[in-house]
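Biologist: I would like a close look at a single part of this model. Please pick one helix, go through it step by step, and then set it in the rest of the chain.

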Amino acid sequence: MDTSLFESVDEYIGNLLGDEDAVLKGTLKSMKDAGIPGINVSANQGKFLQVLAKLCNAKKILEIGTLGGYSTIWLARALPADGQLITLELEQAYADVARQNIIKAGLDPVVDIKVGRAMDSLAALDAEDEGPFDMIFIDADKPPYTEYFEWALKLSRPGTLIVADNVIREGKVLDDNCDDERVSGVQRFNKALADNKQVTATIIQTVGTKEHDGMAIVVVK
Ligand code: SAM
């Protein structure tokens, strides 16, 4: 597939409406310098998440998968001064870089990074009665996406917006015989989403500077 037009249009949108400032650019640089993989959302996807957070008037956001804090900063910038964002990350080294970026963004008063396996952190959040969240962004390892979704539902209220990234994987979700566990993980999640009567959902395909993929957009009934 020739993706150059998608990339040029993504650049056009970013130049018009992107808001990727020095702090966000610095976040990407800090990740590169620390050898952290560039598997963050794109700038326009970050802005899209920010628009969604504003749209649902989010005061309390949960993110599963912090990496270097790039999407965290986009999302946290949608919060009011008394808002809160809890983000979950497995790797201590990534969380340390993310923390520095969040401090540089002036967002440390509203962002709390919890380091450990997301499954354990989610159980702890539930036990501590941290829910309900207004918005939940699922963007960690793909095999347990269905379980992350089940936890997200537990930590939700009617009207909570749940967004899950990377659920199309360059169309590989069409292949029922794919042996990539990331693909089978999101296939299982997409089916669970379709079967769940508690939510209204769709998936939008995403193209641009990142490979062809998709984001599930889910509202809890
Ligand atoms: N949301 C980030 C952004 O757009 O800037 C990108 C997140 S990256 C796609 C996925 C992250 O999930 C990685 O930082 C990875 O270390 C983390 N991760 C992987 N497995 C995890 C687990 N079991 N628990 C918590 N985090 C995990």
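Modeller: Here is a walk through helix 8, followed by its surroundings and the rest of the chain.

Keep in mind that this is a predicted model. The chain averages a pLDDT of 97, and 100% of the residues score at least 70. The predictor also gives the complex an ipTM of 0.99 and a pTM of 0.98.

Start with the length. Helix 8 covers residues 181-195, which makes 15 residues. At 1.5 Å a residue, the helix should span 21 Å. The C-alpha atoms at its ends are 21 Å apart, so the expected span and the model agree.

Next, which residues of helix 8 are buried? They are Val 183, Gly 185, Val 186, Gln 187, Phe 189, Asn 190 and Leu 193. What do these buried residues pack against? Their partners are helix 7 (145-154), strand 5 (161-165), strand 6 (199-206) and strand 7 (213-220).

Take one of those partners, strand 7. Val 219 lies in this strand. Val 219 has 15 other C-beta atoms within 10 Å, so it counts as partly exposed. Leave out residues up to four places away in sequence, and Val 219 touches Gly 159, Leu 161, Val 199 and Thr 200. Now compare sequence with space. Val 219 and Asn 177 are 42 residues apart in sequence, and their C-alpha atoms are 30 Å apart.

Step back to the whole chain. It has eight helices and seven strands. Its radius of gyration is 17 Å, close to the 17 Å that the globule rule gives for 221 residues, so the chain is as compact as a globular protein of that length. Along the principal axes, the C-alpha atoms fill a box of roughly 50 × 45 × 30 Å. Buried residues make up 44% of the 221 residues. Now take the contacts with a separation of 6 or more. Residues 24 or more positions apart account for 70% of them.

The ligand comes next. It is surrounded by 18 residues. The closest are Asn 40, Gly 65, Tyr 70, Ser 71 and Ala 118. Helix 4 (70-76) and strand 2 (84-89) each supply at least two residues of this shell. By class, the shell has nine nonpolar, four polar and five charged residues.

Finish with the loops, where three spots deserve a look. In the loop between strand 1 (60-64) and helix 4 sits Leu 67. Its phi is near 55°, a positive value in a residue other than glycine. Leu 67 is buried, because 25 other C-beta atoms lie within 10 Å.

Asp 19 lies in the loop between helix 1 (4-17) and helix 2 (22-33). This residue is not a glycine either, yet Asp 19 has a positive phi of about 60°. Is Asp 19 buried or partly exposed? It has 13 C-beta neighbours inside 10 Å, so Asp 19 counts as partly exposed.

The last spot is Pro 132, in the loop between helix 6 (118-127) and strand 4 (135-138). A cis peptide bond joins Gly 131 and Pro 132. Omega there is about -5°.

Methods. Residues numbered from 1 in each chain as written. Predicted model: local features only at pLDDT ≥ 70, side-chain atom pairs only at ≥ 80, totals over all residues. Helix = DSSP H or I, 4+ residues; strand = E, 2+ residues; numbered from the N terminus. Expected span 1.5 Å × (residues − 1). Buried ≥ 20, exposed ≤ 12 C-beta atoms within 10 Å, placed from the backbone. Contact = placed C-beta atoms within 7 Å. Near = placed C-beta within 6 Å. Nonpolar A, V, L, I, M, F, W, Y, C, P; charged D, E, K, R; others polar. Rg over C-alpha atoms; globule rule 2.2 N^0.38 Å. pLDDT = per-residue confidence, 0-100.
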